[in-house]
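Student: I've got a new model open and I'd like to talk it through with you. Can we go over it piece by piece?

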Amino acid sequence: MDIAGLTISLGFSLGAFAGGGWWCLRRLAQARLLLDTPTSKIRSAAQGYVELYGVLHEQGDAPLLAPLTGKPCLWWRFRIEEYSESGKRKSWRVLESGVSDAWLCLADATGKCLIDPRGAEVRPATREVWKGSQRHPRAGAAAFGSGAWLSSGGEYRYTEERLHVGEPLYAIGDFRTSGGGRKGLDLAVAQGAVIREWKSDFSGLLQRFDSDGDGQLGEAEWNRVRLAAQLEAEDRHRHASTAPALNHLRRPAEAQPFLLSSHGEDVLARHFRWQALFGALLCVGGAVVTVYLLRVTGLL
């Protein structure tokens, strides 16, 4: 093997060693985190990183239609691949892919929580894979008929994953509640916000508080502005406090896993451990090849 080939091989083996080790440690840590985080009820969940388990509900809007099958759902992810063959090389090339970003509604016995799925690792129970002769399976009935997905001679391969109404969902991420009187009032900050809002329409501000009509606000008139802004801020907070509490789950700001799965934490933890084992094997294989190559080159 020439120097260039040895260098490339050494780079690949070092990458396998470092990448496999990182992946192993990451997946083991995530599996441990899932098992150590207790499941919370939506109504009593603390603000921050929480684990929830419930059932998916509709939000009142018309359901989404999955792009490849046209089936109603709450969330979808798809991929369209084309089969290519060049000599002995055979592969599937991705032509199109996409994922929905519509919010989900998770409910348990105590309440509901809206979930922003952007940035989440989603593992749905429904996954369909089939083949056809059209670039898009809905271009013709033959491409997605009842027996099309069983065909093995198609030029295109389609993958579609979905979440549906009534399915169980395990979710872990950053939980926040707004409204319902949870947020306290910082009167100085709220008063300042109201005054800035009023200043954006200065003519209207003058019309309300310029009592002597001189086109400017004196000290006494500014005192009236500040008092009116304080009362307005208190009134807005009172109205906001009477609004029902809204629960949201999003991607955590820190490097913590954000997972949405049709399976429970035990199944996820088991998958992560298998992936950690694969990473460990890759790491060991990379280390062995690296040592061998270093000995071949005389560097070890």
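What follows is a chat about the helices, the salt bridges and a few single residues of this predicted model.

Student: Let's start with the helices. How are α1 and α5 oriented relative to each other?
Tutor: Helix α1 covers residues 3-36, and α5 covers residues 265-297. The two pack at an angle of about 155°, with their axes 6 Å apart. Angles over 145 degrees count as roughly antiparallel. So the answer for α1 and α5 is roughly antiparallel.

Student: And which hand does the crossing of α1 and α5 have?
Tutor: This is the pair of helices packed at about 155°. As α1 passes α5, the crossing is left-handed.

Student: Staying on α5, is Leu281 buried or exposed?
Tutor: Leu281 lies in helix α5, and its relative accessible area is 57%. The cut-off for exposed is over 50%. Leu281 is therefore exposed.

Student: Which residues make the nonpolar surface patch of about 360 Å²?
Tutor: You already know one of them, Leu281, which has a relative accessible area of 57%. A residue needs over 30% to join a patch. The patch is made by Leu281 together with Leu277 and Trp274.

Student: On to charges. How many salt bridges are there in the whole structure?
Tutor: To count, a Lys or Arg side-chain nitrogen has to be within 4 Å of a carboxyl oxygen of Asp or Glu. Searching the whole structure that way gives 15.

Student: Take Arg77 and Glu161. How many residues apart in sequence are the parts that this pair ties together?
Tutor: The closest N and O atoms of Arg77 and Glu161 are 2.8 Å apart, and the two form a salt bridge. Arg77 sits in strand β4 (residues 75-86), while Glu161 belongs to strand β10 (residues 156-163), so the parts they tie together are apart in sequence by 84 residues.

Student: Which partner in that pair is buried, Arg77 or Glu161?
Tutor: Buried means under 20% relative accessible area. Arg77 has 25%, so it is partly exposed. At 13%, the buried one is Glu161.

Student: What about Arg135, which residue is its salt-bridge partner?
Tutor: Arg135 is in the loop between β9 and β10, and its partner is in strand β5 (residues 89-99), so the pair ties together parts 39 residues apart in sequence. Arg135 is partly exposed at 42%, and the partner is partly exposed at 28%. With closest N and O atoms 3.2 Å apart, that partner is Glu96.

Student: Which residues are linked with Glu160 in a network of salt bridges?
Tutor: Begin with one pair: the side chains of Glu160 and Arg162 meet in a salt bridge at 2.7 Å, N to O. Both Glu160 and Arg162 are buried. The network links Glu160 with Arg162, Lys71 and Glu128.

Student: How far apart are the C-alpha atoms of Ile172 and Val50?
Tutor: Ile172 lies in strand β11 (residues 168-178) and is buried, with a relative accessible area of 0%. Along the chain, Ile172 and Val50 are 122 residues apart. Their C-alpha atoms are separated by 5.7 Å.

Student: Last one: is Asp108 buried or exposed?
Tutor: Asp108 is found in the loop between β6 and β7, and its C-alpha atom is 7.2 Å from that of Lys41, which is 67 residues away along the chain. The relative accessible area of Asp108 is 17%, and the cut-off is under 20%. That makes Asp108 buried.

Conventions. Residues are numbered from 1 along each chain as its sequence is written. This is a predicted model: local features need pLDDT of at least 70, side-chain atom pairs count only at pLDDT 80 or more; totals for chains, interfaces and linings use all residues. Side-chain values use heavy atoms; hydrogens and water are left out. Patches are made of residues with over 30% relative accessible area and no salt bridge: like charges are joined within 9 Å, nonpolar side chains (Val, Leu, Ile, Met, Phe, Trp, Tyr) within 5 Å. Accessible areas come from the Shrake-Rupley method with a 1.4 Å probe; for residues, only the protein chains shown count as cover. Helices (H or I, at least four residues) and strands (E, at least two) are DSSP runs, numbered from the N terminus. Buried means under 20% relative accessible area, exposed over 50%, partly exposed in between (1.4 Å probe, protein chains only). Axes are lines fitted to C-alpha atoms, for helices over the stretch in contact, and angles run from 0 to 180 degrees between N-to-C directions. Angles under 35 degrees count as roughly parallel, over 145 as roughly antiparallel, 65 to 115 as roughly perpendicular and the rest as oblique. A crossing is left-handed if the near helix is turned anticlockwise from the far one by less than a right angle, and right-handed if clockwise.
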